[in-house]
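I opened the notebook with the coordinates on screen. These entries follow the order in which I looked things up.

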Amino acid sequence: MEYFTLSNGMKIPAIGYGCGSVKRISDSGIVWILYKALKEKVKKTIDPEFRENNRYWVLHDWKKEREVPKIIEGGLQDEVRLFDTARAYSYSERVLGNVIQKSHVAREDLFIITKLTNYAQRTHTVKESFEESLKELNLDYVDLYLMHWPQTETYLESWKIMEEICRSGKAKAIGVCNCHPHHLEEIMKIAEIPPVVNEIECHPYLQQKEVRKYCKEKGIQVIAHTPTGRIKFSELKANPEIDAICQKYSISIAQLIMRWHYQLGNIPIPNTTNKKHLKNNMDIWGFSLDDEEMASIEKLDCGKRMWPDPDHCDFSQW
């Protein structure tokens with residue numbers, strides 16, 4: 001595994017696994033569906049519209065609850081050492097914590113990230129929320145604690161409390177997510193401990209060049225969430241330049257994108273519920289893209305967001 005060095009001197013793996021949201025089956029509505037089916041004794045009596053609207057997410061949540069622990073276990077076996085979760089990701093912190101406790105990997109060899117919720121910012125319960133995260137993770141400390149969104153009217157106050165958490169040693173470093181340069185400028189004005197990371201949506205369709213340039217100038221490491229942009233790989237495969245690169249190195253589209261991130265200086269944290277895909281995502285060290293190949297991916301940038309722009313966001317929804 002390759003590592004980057006944060007501005008505070010900490011080493012961080014150059015690629016990791018994003019645990020994503022993991023809902024318990026009962027949270028997804030499947031228990032309600034089964035209850036109604038048993039009560040009525042006839043499955044077809046369940047409201048067809050409700051069933052259709054919820055079918056995908058029920059199955060999705062069920063699969064993630066079953067598969068994510070296995071993915072983390074497999075990742076640990078395959079030398080994945082960076083794991084990214086969040087307080088807002090439902091059951092995710094607990095799932096990650098449970099697997100870590102059962103693993104034989106030393107705690108000091110892991111790099112664990114979790115995040116502060118907007119709700120905790122609004123209710124002024126930053127410290128309490130952080131302690132809940134530690135409890136769910138069953139850890140004494142996290143390596144990096146991030147502010148999930150720069151929620152208007154609260155993010156500066158929250159940053160000062162995060163500094164207190166960092167001084168306590170329970171978070172070895174602190175940073176932010178989804179921040180534009182102007183958010184970072186405001187934080188820098190009041191910060192005694194500057195953010196070491198800005199985790200942003202970044203992928204070939206949204207390359208965030210201005211944000212990345214600013215972060216590089218300020219010594220802030222970029223972590224890329226949604227690193228593939230949920231791109232339909234068949235679309236990229238149809239691009240002759242992209243397909244030629246994959247053929248040249250005998251790599252997948254996902255490997256190509258992860259290597260592109262690495263060479264930009266980003267730390268990608270892909271999410272998957274497939275062990276084979278995770279292993280494939282991490283295998284990016286046997287080849288290197290030249291300038292022309294990097295430029296082929298750069299041309300894909302079209303400003304397409306999967307998540308809200310933090311300047312135009314209903315923070316109560318995130």
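Which residues are buried in H8? I found His-183, Leu-184 and Ile-187 buried there. Buried means under 20% relative accessible area, exposed means over 50%, and partly exposed lies in between, with a 1.4 Å probe and protein chains only. Helices are DSSP runs of H or I with at least four residues, strands are runs of E with at least two, and both are numbered from the N terminus.

**Ground rules.** I noted that this is a predicted model, where local features need pLDDT of at least 70, side-chain atom pairs count only at pLDDT 80 or more, and totals for chains, interfaces and linings use all residues. Residues are numbered from 1 along each chain as its sequence is written, and side-chain values use heavy atoms, with hydrogens and water left out.

**H8, continued.** I looked down the axis of H8: its buried residues fall within an arc of 95°, so they line one face of the helix. The arc is that of the directions from the helix axis to the C-beta atoms. I then asked what these residues pack against: H7, strand E7 (174-177), E8 and helix H9 (209-218). Contact here means heavy atoms within 4.5 Å.

**Pro-195.** I moved on to the loop between H8 and E8, where Pro-195 lies. Pro-195 is buried, at 2% relative accessible area. I listed what Pro-195 touches, leaving out residues up to four places away in sequence. Leu-184 and Ile-187 are among them, and so are Trp-159, Ile-174, Gly-175 and Val-176. Met-188 and Ile-220 complete that list. I also checked Pro-195 against Asn-8: 187 residues apart in sequence, 9.5 Å apart in space, C-alpha to C-alpha.

**Salt bridges.** My search of the whole structure gave 20 salt bridges. The criterion is a side-chain nitrogen of Lys or Arg within 4 Å of a carboxyl oxygen of Asp or Glu. I followed one group.

- Glu-163 bridges to Lys-160, with the closest N and O atoms 2.7 Å apart. Both residues lie in helix H7 (residues 155-168), three residues apart, about one turn of the helix. Glu-163 is buried because its relative accessibility is 0%. Lys-160, at 25%, counts as partly exposed.
- Glu-192 bridges to Lys-160, with the closest N and O atoms 3.1 Å apart. This pair links distant parts of the chain, 32 residues apart: Glu-192 sits in the loop between helix H8 (181-190) and strand E8 (197-201), Lys-160 in helix H7. Glu-192 counts as exposed because its relative accessibility is 58%.
- Glu-192 also bridges to Arg-167, with the closest N and O atoms 3.3 Å apart. Again the pair links distant parts of the chain, the loop between H8 and E8 and helix H7, 25 residues apart. Arg-167 is partly exposed at 47% relative accessible area. Shared partners join Lys-160, Glu-163, Arg-167 and Glu-192 into one network of salt bridges.

**The sheet.** I traced an open sheet of eight strands in the order E3-E4-E5-E6-E7-E8-E9-E10, with parallel pairing. Its edge strands are E3 (17-18) and E10 (267-268), each pairing on one side only. Two strands pair if DSSP finds at least two bridges between them. I checked one pair: three bridges join strand E4 (residues 82-84) to strand E5 (residues 111-116), and the two run parallel. Phe-83 has Ile-112 in E5 as its bridge partner.

**The core.** Phe-83 turned up again in the largest nonpolar core, which has 86 residues. Phe-83 is listed with Tyr-17, Ile-72, Leu-144 and Tyr-145 as having the most contacts inside that core. A nonpolar core is a set of buried Ala, Val, Leu, Ile, Met, Phe, Trp, Tyr and Cys residues joined through side-chain atoms within 4.5 Å. I took Ile-72 and left aside its neighbours within four places in sequence. Ile-72 contacts Tyr-17, Cys-19, Phe-83, Val-95, Leu-96 and Val-99.

**Tyr-262.** I found Tyr-262 in helix H12 (residues 253-264). Tyr-262 is buried, with a relative accessible area of 19%. Which residues does Tyr-262 touch, not counting those up to four places away in sequence? I listed Glu-2, Phe-4, Ala-14, Ile-284 and Trp-285. The C-alpha atoms of Tyr-262 and Ile-15 are separated by 7.8 Å, with their positions 247 residues apart along the chain counted as the separation.

**Totals.** I closed with the whole protein: 14 helices and ten strands. Buried residues make up 52% of its 318 residues.
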